[in-house]
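Colleague: Before I rely on any of the labels attached to this model, I would like to go through them one at a time. Could you set each value beside its criterion for me?

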Amino acid sequence: MSTASLRRVIQSRPGLFDAVLAAAIAGVATVLDTLGESGRSPSALDVLAAGLTFVLLFACRRAPLTVLVFTLLGAVVSIVAAPTTAHLLETTAMIALYTVTVRAPRWPAIIATVTTAAALYAANAYDAGSVINGEIFGVVAFVGMAAAIGFSVRTWRNYVAAAEERAERAEATLEEEARRRVAEERLRIARELHDVIAHHIALINVQAGVASHLARTQPDKIEIALGHIHEAGSAVLDELGQLLYVLRQADDETMPTEPLPGLSRLGQLLESFTAAGLGIRHQVVGEPRPLPTATDLAAYRIIQEGLTNAHKHGREPGALLLLDYWPDALDITICNPLRVAPAVAVGTGHGLTGMRERAQATGGTLSAGPDPDGTFRLHARLLLPDH
């Protein structure tokens, strides 16, 4: 049986464990105290002491201080009146003292330790007729050792409990922080897309007014205005279909005023990283073409975050950026060599969460992780309409 399995059994059936332990200690101590040392057979007094030991040890977990008082009294009486059972009851008293130092409050445990040492010292000194005796000091030393082990176990359990509590709090905090970061990222996406959707809605509104006017004045030209309305409606429906799950908070009143970035500004972005010391090998496969606004924005932001991570966590100040234009998708690949043995954690993963949100918002996917050759590879596929 493994240590973990034994621990689970003890925790699930503490009463059975106490009974087995008490019986084992009482039986082994009695045999050693009689047959092992003097070769005599156990007497009725030995059997009585063994029974008392069993009862006290069985109840030790439930009332350690009370058990210590009774075992200490029994040990003192046995030392003075029945020396043959003294070792058994002294051992029981030390086990009870260990339990007290583990479970009782600190100061009562310290007082119990001092009281136990003083009582056993006095009883043994009275029995030996001398206050200075090696055997007497040995008993006191055993008392101190039992108390020291108990205090050590107590300190270790407190440390483990505190560490587990801190770990649970940290885990809860990280989960809450991750949820907050994801919510903020979704809100940023909603803000950036606001101008795009608002533009299409405004265009539909204007063209509807034009169509209404043409219906009264130039009916033959109304088809042109209706065509513009159809194009704008199709565009905004595509945007809403791709990003329907990205919900904007009702209490946010700030709107962006700057144009949304896209791959048309990729050159400026790469120049900023080059100026910061990151060498970038930029490759393009396929025929570049205009992208839907949401996809263009997502591609720009994914490249921006991916190169930022490469600059922060790469082993060398260099990265590869590959843009691969397919008929129905744009593949973005960013590769950089990883550090061999980073001294600290390389990040919290919130940036990857945000990039994955952006890719999924356009109907695409994103994967990231180390390759066997020590290269960190980020790959995003953003779906495109057929052209």
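Modeller: Let us begin at one pair of facing residues, bearing in mind that the model is predicted: Val 285 stands opposite Asp 324 in E2.

Colleague: What makes E1 and E2 a pair of strands, and in which sense do they run, parallel or antiparallel?

Modeller: The criterion asks for at least two bridges between two strands, and E1 and E2 have 7 bridges, in the parallel sense, so the pair qualifies. Together with H10, these two strands make a β-α-β unit that is left-handed.

Colleague: How do you know that E3 and E5 are paired as well, and in what sense?

Modeller: Here 9 bridges join E3 and E5 in the antiparallel sense, which again satisfies the requirement of at least two. One place to look is Ala 329, which stands opposite Leu 383 in E5.

Colleague: Why is the sheet called open, and which strands stand at its edges?

Modeller: The 5 strands follow the order E1-E2-E3-E5-E4, with mixed pairing. Strand E1 (279-285) and strand E4 (365-370) are the edge strands, and each has a single partner strand, so one side of each is left without a neighbour in the sheet. On average, and ignoring direction, neighbouring strands of this sheet are turned by 10° against each other.

Colleague: What makes the contact between Asp 331 and Arg 381 a salt bridge?

Modeller: The limit is 4 Å between a side-chain nitrogen of Lys or Arg and a carboxyl oxygen of Asp or Glu; for Asp 331 and Arg 381 the N to O distance is 2.7 Å, so the pair meets the criterion. This pair links distant parts of the chain, since Asp 331 belongs to strand E3 (residues 329-337) and Arg 381 to strand E5 (residues 375-383), 50 residues apart.

Colleague: Why is Asp 331 called buried, and how is Arg 381 classed?

Modeller: Asp 331 has a relative accessibility of 8%, and buried means under 20%, so the label applies to Asp 331. Arg 381, at 29%, falls between the cut-offs of 20% and 50% and therefore counts as partly exposed.

Colleague: How do you know that Glu 165 and Arg 169 form a salt bridge, and where do they lie?

Modeller: Their closest N and O atoms are 3.0 Å apart, which is within the 4 Å limit. Both residues lie in helix H7 (residues 134-217), with a spacing of 4 residues, about one turn of the helix. Glu 165 has a relative accessible area of 44% and Arg 169 a relative accessibility of 46%, so each is partly exposed by the 20% and 50% cut-offs. The count by this rule comes to 5 salt bridges.

Colleague: What makes Val 100 a buried residue, and which residues does it touch?

Modeller: Val 100 lies in helix H5 (residues 86-103), and its relative accessibility is 0%, so the residue satisfies the condition of under 20% for being buried. Not counting residues up to four places away in sequence, Val 100 touches Pro 64, Leu 65, Leu 68, Ala 109, Ala 112 and Arg 154. From Val 100 to Ala 147 the C-alpha to C-alpha distance is 8.5 Å, although 47 residues separate them in sequence.

Colleague: Which residues have the most contacts inside the largest nonpolar core, and which element gives the most to it?

Modeller: That core has 28 residues, and Ile 303, Leu 330 and Ile 332 have the most contacts inside it. The elements that give two or more residues to it include helix H9 (266-275), helix H11 (350-361) and strand E2 (318-325), while H10 gives the most, with 7 residues. Beyond its neighbours within four places in sequence, Leu 330 is in contact with several residues, among them Leu 263, Leu 291, Ala 299, Leu 323 and Leu 382. A second, separate core has 23 residues, including Leu 56, Leu 68, Leu 89 and Met 94.

Colleague: What is the overall tally for the protein, in helices, strands and buried residues?

Modeller: The secondary structure comes to 11 helices and 5 strands, and buried residues make up 35% of the 387 residues.

Methods. Residues numbered from 1 in each chain as written. Predicted model: local features only at pLDDT ≥ 70, side-chain atom pairs only at ≥ 80, totals over all residues. Heavy atoms only, no water. Buried < 20%, exposed > 50% of the residue type's maximum accessible area, 1.4 Å probe, protein only. Core = buried A, V, L, I, M, F, W, Y, C linked by side-chain atoms within 4.5 Å. Contact = heavy atoms within 4.5 Å. Axes fitted to C-alpha atoms, helices over the stretch in contact; angles between N-to-C directions. Right-handed = clockwise from strand over helix to strand, strands pointing away.
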